[in-house]
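Could you walk me through this structure, stop by stop? I have it open in my viewer and would like to know what to select next and what is there.

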Amino acid sequence: MHFFSGSGGGRSGALLPTTSKPKAHHHLRSKSSLSAPASSRRRGGGLHSASSPYSRRALCLAATAFAALFMLAFLRLGFPSSRSAALSSPARPRGARLTRRPAFRLRDSAAAEAAAAAVAARIGREAPVDITTRDLYDRIEFSDVDGGAWKQGWEVKYRGDEWDAEKLKVFVAPHSHNDPGWIRTVEEYYERQSRHILDTIVESLSKDSRRKFIWEEMSYLERWWRDAPPKKQEAFAKLVRDGQLEIVSGGWVMNDEANSHYFAIIEQMMEGNMWLNDTIGVIPKNSWSIDPFGYSSTMAYLLRRMGFHNMLIQRTHYEVKKELAMKKNLEYLWRQNWDIEETTDIFVHMMPFYSYDIPHTCGPEPAVCCQFDFARMRGFSYESCPWRFDPVETNSDNVQERATKLLDQYRKKSTLYRTNTLLIPLGDDFRYVSMEEAEVQFRNYEKLFDYINSNPHLNAEVKFGTLEDYFSTLRDEAEKINYTRPGELGSAELQGFPTLSGDFFTYADRNQDYWSGYYVSRPFFKAVDRVLEQTLRASEILVSFVLGYCQKFQCAKLPISFSHKLTAARRNLALFQHHDGVTGTAKDHVVVDYGTRMHTSLQDLQLFMSRAVEVLLGDFHDRSDPTLLSHFEPVQERSKYDVHPVHRALHPHDGKAQSVVFFNPLEQTRDEVVMVVVSTPDVSVLNSNGSCLPSQVSPEWQFVSDEKISTGRHRLYWRASVPPLGLETYYVVTGQDCEKAIPAVVKTYQEFPCPEPYHCSKLEGKSVEMKNSNYTLSFDTSHGLLQTVTRHKDGEQTVIGEEIGMYRSHGSGAYLFKPIGEARSIVEEGGHFILTEGPLVQEAHSLPKTEWHKSPLSHSTRMYNCGDSIQDMLIEKEYHVELVGHVFNDKELIVRYKTDIDNQRIFYSDLNGFQMSRRQTYDKIPLQGNYYPMPSLAFLQDSHGNRFSVHSKQSLGAASLKNGWLEIMLDRRLVQDDGRGLGQGVMDNRPMNVIFHLLRESNVSALPKTHSLLTLQPSLLSHRVGAHLNYPMHAFMSKKPHEKSFKLAQQSFAPLTASLPCDVHIVNMKVPQPLRFPHTEAAEPRFAVLLQRRGWDASYCKRGGLQCTTVGEEPVNLFYMFKDLSAMNVKATSLNLLHDDPEMLGYLEQIGDVALEGNILISPMEIQAYKLDLQPPSSQEE
């Protein structure tokens, strides 16, 4: 079979699917009653003018030519329209050979002009909105004024005639917030509380059709469903179908929005939504997110592209709530700041008060509202009201007084919103745990409702309701009554409300208590989270290829037999996205549970990948059992859930070789220096053709200061080239007629025993330089810290001024960061500083001296000589952190880069690895409030376009507290609880490695004058650096040395016809339900691919210093993407794979029927999902 090729490209000669025009399939009708025709989403009759002064921004050195290409080749139109989104590829005649047709053609000049105008309109602009969170921060004084009964607001009053024309319609929504792990593990919570709560919901709601409830977490519902008898399952499903019980959000968990990566958010939503649809046949419409500690605009975008139209949020800064409430802007349309065409708008309800519990949801006076939490009466386990006015049973004697008091609160709360439709949540953590509790709430409220509803002069109608009841009634009212304010832009999605862009970090719930600590708490597990994420993605891709190529062959058994563990891995990653999981804010034993689950899944996935590699490099017709143990094992192993992975050492013997196979999970061919650890330095490296490769061997250093600085093992480096989404084999051998690996030269600041066979010498002078083809770095040898970076291209030197510092804190805990003053430097003169120089890699290794006998960290700086590759353009920093032991109690460790870039204390940090957010340091906010989440990237920039970027492999927190400074927190060890319910500090620190990739860039064309006000994007190079760091190659080695003559059936696997454009990213490629794969009819697509087009800063070189193409020059075509697999039955779908109507997802209608030709039309910043089938040519010819 000719499925494999050693090269990564090769468009000619590859088998391609047929190009004959397929038949169109009609989409399923939209499940949402709220969707509007796509045409109605264009405000003002169409595209914005391209004549804005902002749009003069050049795209690169060859600006004019590139702009023309870029604009003409690209259409600003997301999904295919409903008449043409399904693609199919009929079987070609047996033996027919296909040629590659032009991947793109524009229908007519009008279409081309419209496309060009759409692109031009975006350059250097942000979406027009009524409110930005930046403007809110500029305007608010943050003075924390005491508002009386509503402590963080004011004394709310009303006239009484506000409801004469339109009566007040109140929906009381009973709910129970079930954390999948926090004080207890998810299983402990399930056994003690959650299963009883779900039993109670079914029994209580079945007694009376007027009762309603909302439920969010699918992790608990799926667990309960497995235990529930069929009658109870059917009763639950009937309540959902009848609208009494609404599943809101329907994710596996209610995910964190600061630390979670967008891949994991999509994964956890997809896992929950698909399970729910498969099991009960419903798809959630409304999102409910009451407990995450701040909110990201990325979540709003993802929800919109999953078919959601409404969302509810709660934990935002109390001063922001007050500012929005005073202007009746607590309900708004959330728009992405890059969305010029207004296709991302989603309606948001922000709760106005301190908490989501009952005392803080009925109205502005918690002392009154607490009296209507009837589960706080005697006989129940909940604490009594702290305001000393406890609830009493409602009866005929007191119902008038009680109902009037409650209605007064409802009216006051109503004045904070524009409409006369009001939502009153009724619940708290793990509520409704028994029928007694449910009955006391429902019984008392029913009496209060009956009184209010039977007195028409009160102008109110109150009843139990779901989120859907609330949002649909509100939308009906907003269609009848125009609530638009003069001069308000509004949104075509829903008239009468302002538009808003931005995010809601950093959250403060009271005083100066800013929740910026959880950006860093338990950083070890934040790192494991990302390793599991990248390993799951790689496994999903390999599952897709094994099933795509194997189909009905024996080897298809491998992914099918693995499907239960694949599902478990998806769910364990999803579970950790919970807002007390990845945040690091759970009890110690709960952290152990999360960590153990992730570790188990990592082991399972690596076992599968080891076998899948063997299958893809083997013969698909092989009849042997594919599930047998592989001859390969991962190069890195993690012995326990809480230890850092280590490299297995290769032990090649004389005359034998050990093979190393690399899997490249990215969409472009990867040329980079790779590393394995060997037990002997006398080795050589061969490629898959048997040719000798240049290689380097360096000592492996200890991370911790000791008499013995070398481990006695060696790091072997060579340059590897691996095709996109492909495999490549190399051999490490001894006794070969090849040049041996060149030993690095070692230079040291302080003398120590020189490891064999290296030559060691002493460093002289106070500073030392290290250089590659792009940079020269200078270090302070006595402190072992980076000082300056000089770029060879322009000779420009940038001060970096690396500093390691420590905060002392009092009151900091898992959630809060409460420092005592500024961080102080901890590195003293002395310590070990070792320079290792070789032809491929240079490394500066520092074991700094500090006041403590055992330093809390050591670090390495690396540069690569790969020859015109991404690696050559970055500086790698690796910090080994050990904040272990009581001497570090109440200490928080940072690294700070003190640059000479004049950034005016403005920096940019990413939101969920998906988009950037502009951050400004304010003097009116304390230090801890100027810290922001940094899931993967932060950068500084000056008015001349000089930019310094730090890419991170894990989520941390960052700040720019002084001009030119970029500070990143690495770990924190805290004795005290910070009073937010956890009941402990954070003392379970683990040794860990934090890896950064630093980038120093200059723009090649003028910046817009307003650049300091804009949210800037990464450059194309920066995107690629981030992708290489976050999606590293996966390496597998043969378990035993073998004869040099031994060869696998294939040495390479290159599944793509060519590298994809550099601004396209395959977010995931998966078989959503592998167990059903053999049984699914061919008409139903079994594969899914999610594609992202990255938005990048066009004032930096579009090539990124590399030979990159972009979508504008070379559009992506699904028919031509795969070399030996035909894409068939392609249809656009939502990001949760459940809605096949693009119109309801907010996409504009596209020009012409380009979708019929397989072209993926995708705008910058967008993610699009497609369902498809993949067939090897042989199965079409059978």
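Here is a short tour, with a selection to make at each stop.

**Before you start.** This is a predicted model, in which local features need pLDDT of at least 70 and side-chain atom pairs count only at pLDDT 80 or more, while totals for chains, interfaces and linings use all residues. Residues are numbered from 1 along each chain as its sequence is written, and side-chain values use heavy atoms, with hydrogens and water left out.

**Stop 1: a sheet.** Select the open sheet of six strands, whose order is E1-E11-E7-E8-E6-E5 with mixed pairing. Strands (E, at least two residues) and helices (H or I, at least four) are DSSP runs, numbered from the N terminus; two strands pair if DSSP finds at least two bridges between them. At the edges you will find strand E1 (131–132) and strand E5 (286–289), each with a single partner strand, so one side of each has no neighbour in the sheet. E5 runs parallel to strand E6 (residues 310–313), and four bridges join them. Click on Asn-286 and you will see Asn-310 of E6 standing opposite. Now add helix H8 (residues 297–304), which packs on the sheet and touches E5, E6, strand E7 (331–334) and strand E8 (346–350). Contact here means heavy atoms within 4.5 Å.

**Stop 2: the largest nonpolar core.** Next, select Trp-215, Leu-221, Phe-236, Trp-334, Tyr-410 and Phe-996, which touch the most other members of the largest nonpolar core, a set of 272 residues. Helix H14 gives the largest share of this core, 14 residues. A nonpolar core is a set of buried Ala, Val, Leu, Ile, Met, Phe, Trp, Tyr and Cys residues joined through side-chain atoms within 4.5 Å. Buried means under 20% relative accessible area, with a 1.4 Å probe and protein chains only. Zoom in on Phe-236: among the residues it touches are Leu-198, Leu-221, Trp-224 and Ile-280. A second, separate core of 28 residues includes Val-674, Val-683, Val-685 and Tyr-730.

**Stop 3: Arg-570 and its partners.** How many salt bridges does a search of the whole structure find? There are 85, a salt bridge being a side-chain nitrogen of Lys or Arg within 4 Å of a carboxyl oxygen of Asp or Glu. Select Glu-267 and Arg-570, whose side chains meet in one of them (4.0 Å, N to O). Glu-267 lies in helix H7 (residues 262–279) and Arg-570 in helix H15 (residues 557–576), so the pair ties together parts that are 303 residues apart in sequence. Add Glu-540, which meets Arg-570 in a salt bridge at 2.7 Å, N to O. Glu-540 sits in helix H14 (residues 523–550), 30 residues apart from Arg-570. Both Arg-570 and Glu-540 are buried.

**Stop 4: a bridge between strands.** Go to Arg-896 and Glu-967, which form a salt bridge with their closest N and O atoms 2.8 Å apart. Arg-896 is in strand E38 (residues 891–898) and Glu-967 in strand E45 (residues 965–973). Arg-896 is buried, at 4% relative accessible area, and Glu-967 is too, at 1%.

**Last stop: Lys-322.** Finally, select Lys-322 in helix H9 (residues 318–326). Where is the nearest side chain of opposite charge? That is Glu-319, 5.1 Å away, and Lys-322 is buried yet has no salt bridge. For charge, Lys and Arg count as positive and Asp and Glu as negative, with His and the chain ends not counted. Leaving aside residues up to four places away in sequence, Lys-322 touches Val-145, Gln-152, Gly-153 and Trp-154.

How values were computed. Buried < 20%, exposed > 50% of the residue type's maximum accessible area, 1.4 Å probe, protein only. Axes fitted to C-alpha atoms, helices over the stretch in contact; angles between N-to-C directions.
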